[in-house]
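Take a look at the fold below and follow the chain with your finger. Then we'll walk through it piece by piece.

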Amino acid sequence: MTAFSIALVLSYFYHGMEVLVFFFAGSIAISRIVLGMHFLSDVLAGAILGVGLGCCALTAFAAMGVI
């Protein structure tokens, strides 16, 4: 969840690094499945929550006038 939310926020500010940060987030997600720490459904739910929280953070900061 954290990797995808950070990837979303970083890709918002650094447009040229979108592929790289989402590659790292995806690599973390795949490693969790391969190592047997999580199921695929856990990882997909975390990715969806992470992207949602990243969008909420960007919206909240934009509403406050920070970005």
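Right after helix 3 comes Gly 65, and the phi angle of Gly 65 is positive, near 80°. Keep in mind as you read on that this is a predicted model.

Now step back into helix 3 itself, which runs over residues 40–64. How far apart are the end C-alpha atoms of helix 3? They sit 36 Å apart, and that agrees with the span you'd expect, because 25 residues at 1.5 Å a residue should also give 36 Å.

Which residues of helix 3 are buried? The list is Val 43, Gly 46, Ala 47, Gly 50, Gly 54 and Leu 58. These buried residues pack against helix 1 and helix 2.

So much for one helix; here's the whole thing. The protein has three helices and zero strands, so if you read from the N terminus on, the order is simply α-α-α. The C-alpha trace spans about 40 × 20 × 10 Å along its principal axes. Out of 67 residues, 22% count as buried. What about contacts between parts of the chain that are far apart in sequence? Take the contacts with a separation of 6 or more: 51% of them are between residues 24 or more positions apart.

Next, three residues worth a visit. Two of them, Ser 5 and Ser 11, lie in helix 1, while Phe 39 has its place in the loop between helix 2 and helix 3. Here's how they compare with the cut-offs, where buried means under 20% and exposed means over 50%.

| Residue | Relative accessible area | Status |
|---|---|---|
| Ser 5 | 16% | buried |
| Ser 11 | 8% | buried |
| Phe 39 | 63% | exposed |

Why does Ser 5 count as buried? Its relative accessibility is 16%, and the cut-off for buried is under 20%, so Ser 5 falls on the buried side. The side chain of Ser 5 reaches the backbone oxygen of Thr 2 at 2.9 Å. If you leave out residues up to four places away in sequence, Ser 5 touches Gly 50 and Gly 54. You've met both of those glycines already, among the buried residues of helix 3.

Ser 11 is buried too, because its relative accessible area is 8%. A polar atom of the Ser 11 side chain lies 2.8 Å from the backbone oxygen of Leu 8. And which residues does Ser 11 touch, again not counting those up to four places away in sequence? The answer is Glu 18, Val 21 and Phe 22.

Phe 39 is another story: it is exposed, because its relative accessible area comes to 63%, and exposed means over 50%. Phe 39 and Leu 10 are 29 residues apart in sequence, and in space they are 26 Å apart, C-alpha to C-alpha.

Last stop, the empty space. Rolling a probe the size of a water molecule over the atoms shows where such space is left. The largest pocket has a volume of about 220 Å³. It is lined by 13 residues, and the closest to its centre are Met 1, Ile 28, Ala 29, Arg 32 and His 38. Helix 1, helix 2 and helix 3 each give two or more residues to that lining. What classes make up the lining of the largest pocket? Eight residues are nonpolar, three are polar and two are charged.

Conventions:
Residues are numbered from 1 along each chain as its sequence is written. This is a predicted model: local features need pLDDT of at least 70, side-chain atom pairs count only at pLDDT 80 or more; totals for chains, interfaces and linings use all residues. Side-chain values use heavy atoms; hydrogens and water are left out. On a 1 Å grid over the protein atoms alone, a cavity is a set of points where a 1.4 Å probe fits but cannot get out, and a pocket is an open set with protein on both sides within 12 Å along at least five of seven lines; lining residues have an atom within 4 Å of a point. Grid points are joined across faces, edges and corners, and a volume is the space filled by probe spheres set on the points. Helices (H or I, at least four residues) and strands (E, at least two) are DSSP runs, numbered from the N terminus. Ala, Val, Leu, Ile, Met, Phe, Trp, Tyr, Cys and Pro count as nonpolar, Asp, Glu, Lys and Arg as charged, and the others, Gly among them, as polar. The expected span of a helix is 1.5 Å times one less than its number of residues. Buried means under 20% relative accessible area, exposed over 50%, partly exposed in between (1.4 Å probe, protein chains only). Contact means heavy atoms within 4.5 Å. A polar contact is a pair of N or O atoms within 3.5 Å; within protein, one must be able to donate a hydrogen and the other to accept it, and residues adjacent in sequence count only if both atoms are side-chain atoms.
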